[in-house]
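Me: Please take me through one part of this fold in some detail. I'm after the helix that sits between the opening pair of strands, and how everything else is arranged around that part.

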Amino acid sequence: MKFLVDAHLPPSLCAILARRGHDVNHTLDLPAKNATKDAILNQISVDEQRVLISKDSDFFYSHLVLGRPWKLVLVKTGNMSKEELCSLFERHLSEIEAALEQHTLVEINRAAVTPLA
């Protein structure tokens, strides 16, 4: 799978995904870096069929209404350290991958991975 990790999430999340064989970019890899506009992230997601991973609920609504981003993993963990977040993704990555095979919108929180659409 191909992923795009949003600015509010640590670049170390990319390493976890890459170790599992995924093609992954962080907003820091883009020309405007973490200042990249949401519309550009949505366009990259659609054009390159990348799953956007974000904490930003604006993407949730744009996905439901406009189908953009192409696919979304919405992170709903509240505040947690980057180490805790990375550990959470490592523990649940197989569930996330499986959910994304069948769904376009997946939420991850401290307790579960839940397909939403």
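Which strands does α1 lie across, and at about what angle does α1 run to β2?

Reply: α1 lies across β1, β2 and β3, and runs at about 175 degrees to β2. (Contact here means heavy atoms within 4.5 Å; axes are lines fitted to C-alpha atoms, for helices over the stretch in contact, and angles go from 0 to 180 degrees between N-to-C directions.) Before going further: this is a predicted model, where local features need pLDDT of at least 70 and side-chain atom pairs need pLDDT 80 or more, while totals for chains, interfaces and linings use all residues. Numbering starts from 1 along each chain as its sequence is written, and side-chain values use heavy atoms, without hydrogens or water.

Let's start with the strands underneath α1. β1 covers residues 2-5 and β2 covers residues 23-26; these two run parallel and are joined by 4 bridges. If you want a spot to click on, pick Val5, whose bridge partner in β2 is His26. β1 also pairs with β3 (residues 51-54), again in the parallel sense, this time over 3 bridges. Here Phe3 is the handy marker, with Val51 as its bridge partner in β3. (Helices are DSSP runs of H or I with at least four residues, strands are E runs of at least two, numbered from the N terminus; strands pair if DSSP finds at least two bridges between them.)

Now zoom out to the sheet. It is an open one with 6 strands in the order β2-β1-β3-β4-β5-β6, and the pairing is mixed. β2 and β6 (113-115) stand at the edges with a single partner strand each, so one side of each has no neighbour in the sheet. Going from one strand to the next, the twist averages 20 degrees.

Back to α1, because there is also a helix beside it: α1 and α4 (residues 82-102) pack at about 20 degrees, their axes 9 Å apart, and are therefore roughly parallel to each other. (Under 35 degrees counts as roughly parallel, over 145 as roughly antiparallel, 65 to 115 as roughly perpendicular, and the rest as oblique.) If you light up side chains, α1 brings Ser12, Leu13, Ile16, Leu17 and Arg19, and these meet Lys82, Cys86, Phe89, Glu90 and Leu93 of α4.

Further along the sheet, another helix lies over strands. α3 lies across β3, β4 (71-75) and β5 (105-108), and runs at about 150 degrees to β4. β3 therefore turns up on both lists, under α1 and under α3. α3 (residues 57-66) also packs against α2 (residues 38-48), at about 55 degrees and with axes 12 Å apart. That angle makes α2 oblique to α3. Asp38, Leu41 and Asn42 of α2 make this contact with Asp58, Phe59 and Ser62 of α3.

Two backbone details in the loops are worth a look as well. Most residues other than glycine have a negative phi, and most peptide bonds are trans. In the loop between α3 and β4 you'll find Pro69, joined to Arg68 by a cis peptide bond with omega about 5 degrees. In the loop between β2 and α2 sits Lys33, a residue other than glycine with a positive phi, near 55 degrees.
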